[in-house]
Amino acid sequence: KPVLGISKCGALKRTTEVVKHRSGGDNSHDHKSPGRSSFEGVSLERGVTHDLEFEKWANKVHNYEGDATMDLAGYKKDLTLEVMNERGQVALRYFLSRCWVSEYTALPDLDANANATAIQSLKLELEGWTRDVDTSEPSEAS
């Protein structure tokens, strides 16, 4: 189900550990090999709406009513992140794997004297992402 109105998305970042080792007989310098890779969490922000999708998903991991009401069966989701151009055409598409909500802000600090929009936010933990290489560059003519 599309969730519209995401106004800000954090960076998609992968980090691979560097494993240092020495070659037998040559102890004067280290050789480096790739180790385990990890994927950083992604933050999503949108203006406060009546749409309950963020809250329902966040409540699957932890619900105020206690452990008996938690639903861990569906707390991880595979997501598609589509980056749109100004014409509303998909310019880039990424597939985010096995995401779950680690932080949820339902309502930010409210200040009636400020000129600001109330923003909801989610922080997603994920196990990986891949780019959809079949997404073609949008035509400027269309």
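**Entry 1. Arg93 and its partners**

I began with a pair of side chains: Asp132 and Arg93 meet in a salt bridge, 3.3 Å from N to O. The two lie 39 residues apart, with Asp132 in the segment after strand E8 (128-131) and Arg93 in strand E6, so I noted a link between distant parts of the chain. I keep in mind that this is a predicted model.

Buried or exposed, I asked of Asp132 and Arg93? Both are buried. For Asp132 I looked up the value: its relative accessible area is 12%, and it counts as buried because that is under the 20% limit.

I then checked Asp132 for a further contact. Its side chain reaches the backbone nitrogen of Asp134 at 3.1 Å.

Back to Arg93. Its side chain also meets that of Glu82 in a salt bridge, at 3.0 Å from N to O. This pair, too, links distant parts of the chain: Glu82 sits in strand E5 (residues 77-84), Arg93 in strand E6 (residues 90-105), and 11 residues separate them. Glu82 is partly exposed, at 37% relative accessibility. So I have Arg93 bridged to Asp132 and to Glu82.

**Entry 2. Other salt bridges**

How many salt bridges does the count come to? I get eight.

One group I wrote down as a network: salt bridges link Lys76, Arg98 and Glu127.

Next I took Arg22. It forms a salt bridge with Asp30, and the closest N and O atoms are 3.4 Å apart. I looked up the accessibility of each. Arg22 has 54% and counts as exposed, because the cut-off for exposed is over 50%. Asp30 has 36% and is partly exposed. A reminder to myself: side chains of opposite charge can pair when their charged atoms come close.

**Entry 3. The E2 and E3 hairpin**

I looked at how strand E2 (residues 14-23) pairs with strand E3 (residues 26-39). The strands run antiparallel, and eight bridges join them. I picked out one bridge: Thr16 has Ser37 in E3 as its partner.

Which residue of the hairpin takes a positive phi? I found Gly25, with phi near 90°. The hairpin has two residues between its strands.

**Entry 4. The largest pocket**

I turned to the largest pocket. The space in it is about 840 Å³. Its lining has 26 residues, and those nearest the centre are Lys1, Pro2, Val3, Ile6 and Thr80.

I sorted the lining by element. Strand E1 (6-9), helix H1 (53-61), E5 and strand E7 (119-125) each give two or more residues. Which element gives the largest share? I find E5, with eight residues.

I sorted the lining by class as well. There are 15 nonpolar residues, three polar and eight charged.

**Entry 5. Ser136, after E8**

I finished in the segment after E8, where Ser136 is found. Asp132 is found in that segment too. Ser136 is exposed, at 55% relative accessibility. Here I looked for a contact across the sequence. Ser136 and Ala91 are 45 residues apart in sequence, yet their C-alpha atoms are 7.3 Å apart in space.

Technical notes
Residues numbered from 1 in each chain as written. Predicted model: local features only at pLDDT ≥ 70, side-chain atom pairs only at ≥ 80, totals over all residues. Heavy atoms only, no water. Pairing = 2+ DSSP bridges. Helix = DSSP H or I, 4+ residues; strand = E, 2+ residues; numbered from the N terminus. Salt bridge = Lys/Arg side-chain N within 4 Å of Asp/Glu carboxyl O. Buried < 20%, exposed > 50% of the residue type's maximum accessible area, 1.4 Å probe, protein only. 1 Å grid on protein atoms, 1.4 Å probe; cavity = no way out; pocket = protein on both sides within 12 Å on 5 of 7 lines; lining within 4 Å. Points joined across faces, edges and corners; volume = space filled by probe spheres on them. Nonpolar A, V, L, I, M, F, W, Y, C, P; charged D, E, K, R; others polar. Polar contact = N/O pair within 3.5 Å; in protein donor to acceptor, adjacent residues only side chain to side chain.
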